[in-house]
Amino acid sequence: MKKRIFSGAQPTGELHIGNYLGALKNWVALQHEYESFFCIVNLHAITLPQNPEVLKKKTLDLARIYLASGIDPQVSTVFIQADVAEHAELAWVLSCVSRMGELERMTQFKDKGKGNTERAGVGLFTYPVLMAADILLYQTDLVPVGKDQKQHLELSRDLAERFNRDYGDAFVIPEPFIPPVGASIQSLQDPQKKMSKSDENLNGSIFLLDDADTVTKKIKRAVTDSGTDIKFDESRPAINNLLTIYHLVTDKSVAECEANFDGKGYGQFKTELAEAVVEFLRPFQARVADYADAELEKILKDGAEKARAIARETLRDVYEKMGIVRLS
Ligand code: TYM
């Protein structure tokens, strides 16, 4: 039996190269080795206000992005979170197992709630509980994510362990898969901050659908650090970040990247980086247009059906263990 992976992204904002390099690239690489579930987490999206029409469109657009990235619907299960009602049901159960204190420690809540807990939505607070439900419903072994999701993964493990201890084994304890390189791609404008869909400064992110001119302009404007060598160096976060992007989009080794830029200046480096990113995005962008709406909907409906069968089994077991009676 293959082990399972589960992961997902929110259909909000534009997906950027950080999402791809930190997460989607690994989904694609792992999908043949694992039985894979990739979810469009539209219920997570509404933890912050969304325009309903935009959210609808982004939900299908994100499915297109998954497929264009190389997720093979013949091999992996791709589906929309709201199509499997068990996600919301298990989230309720897990919220009864979660403690206020552990949710209050979640840094994403503190960041997105902007420190104002009076005004922050309750859904934003319980966001990681829904995420735990996503993962635990599928008896997931491995969760490929970027570094910013590490704390949420730890909570998922804690909730699974607590439930198993208090009611009997219902859940596999999931392991995070956080890649050694690319788990946190930083903003091009501020290398202390991660590249983010919600960054107001659009020059900080390279979006997967940016055209060649836009990519080139953003890279030319990217901040750099002092020093002139084009080398991987943790103490120079700006160049380190740009070189990491180069390394991952070209698949050249660290040594090859450094050798390539030996003796060259920032100007030349940025030109070559922009060319490499544009080359990398070109086939991806061509594939985004490949799927007609009807074909996409069929993939997502089939995916939801497969997902639902597993989710239903897990929830049935959870209710049984907790003494929740359902007569029909
Ligand atoms: P989301 O939509 O913010 O991001 C999708 C994935 O991209 C990764 N990521 C990054 N990786 C590297 N550098 C960056 N700058 C960067 N920014 C984002 C994220 O770590 C993520 O893997 N809570 C999740 C969605 C989710 C989920 C789940 C994930 C809901 N349920 C269950 C895994 C399992 C999120 O908001 O991702």
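I looked up Tyr-246 in this predicted model and noted that Tyr-246 is buried, with a relative accessible area of 3%. I then checked Phe-261, which counts as buried at 1% relative accessibility.

Next I turned to the aromatic pairs, of which a search of the whole structure finds 12. In one of them, the rings of Phe-109 and Phe-125 have their centres 5.0 Å apart and their planes at 70°, and because planes over 60 degrees apart count as edge-to-face, I entered the pair as edge-to-face. I traced Phe-109 to helix H6 (residues 107-112) and Phe-125 to helix H7 (residues 122-137), 16 residues apart, so I noted this pair as a link between distant parts of the chain. Both Phe-109 and Phe-125 are buried.

I came back to Tyr-246 and Phe-261, which form an edge-to-face aromatic pair, 4.9 Å centre to centre with 70° between the planes. Since Tyr-246 lies in helix H10 (residues 237-250) and Phe-261 in helix H11 (residues 254-261), I recorded that the pair ties together parts 15 residues apart in sequence. I also listed one aromatic cluster, formed by Phe-6, Phe-37, Phe-79 and Tyr-138.

Last, I looked at the nonpolar cores. The largest has 57 residues, and those with the most contacts inside it are Ile-17, Tyr-66, Ile-245 and Val-277; helix H12 (residues 266-288) gives the most to this core, with 11 residues. Following Ile-17 beyond residues up to four places away in sequence, I found that Ile-17 touches Met-195, Ile-206, Leu-208, Ile-245, Val-249, Val-277 and Phe-280. Apart from this core I noted another, of 43 residues, among them Leu-103, Ala-132, Ala-170 and Phe-171.

Note on methods: Residues numbered from 1 in each chain as written. Predicted model: local features only at pLDDT ≥ 70, side-chain atom pairs only at ≥ 80, totals over all residues. Heavy atoms only, no water. Phe/Tyr/Trp six-rings, centres within 6.5 Å; stacked < 30°, edge-to-face > 60°. Helix = DSSP H or I, 4+ residues; strand = E, 2+ residues; numbered from the N terminus. Buried < 20%, exposed > 50% of the residue type's maximum accessible area, 1.4 Å probe, protein only. Core = buried A, V, L, I, M, F, W, Y, C linked by side-chain atoms within 4.5 Å. Contact = heavy atoms within 4.5 Å.
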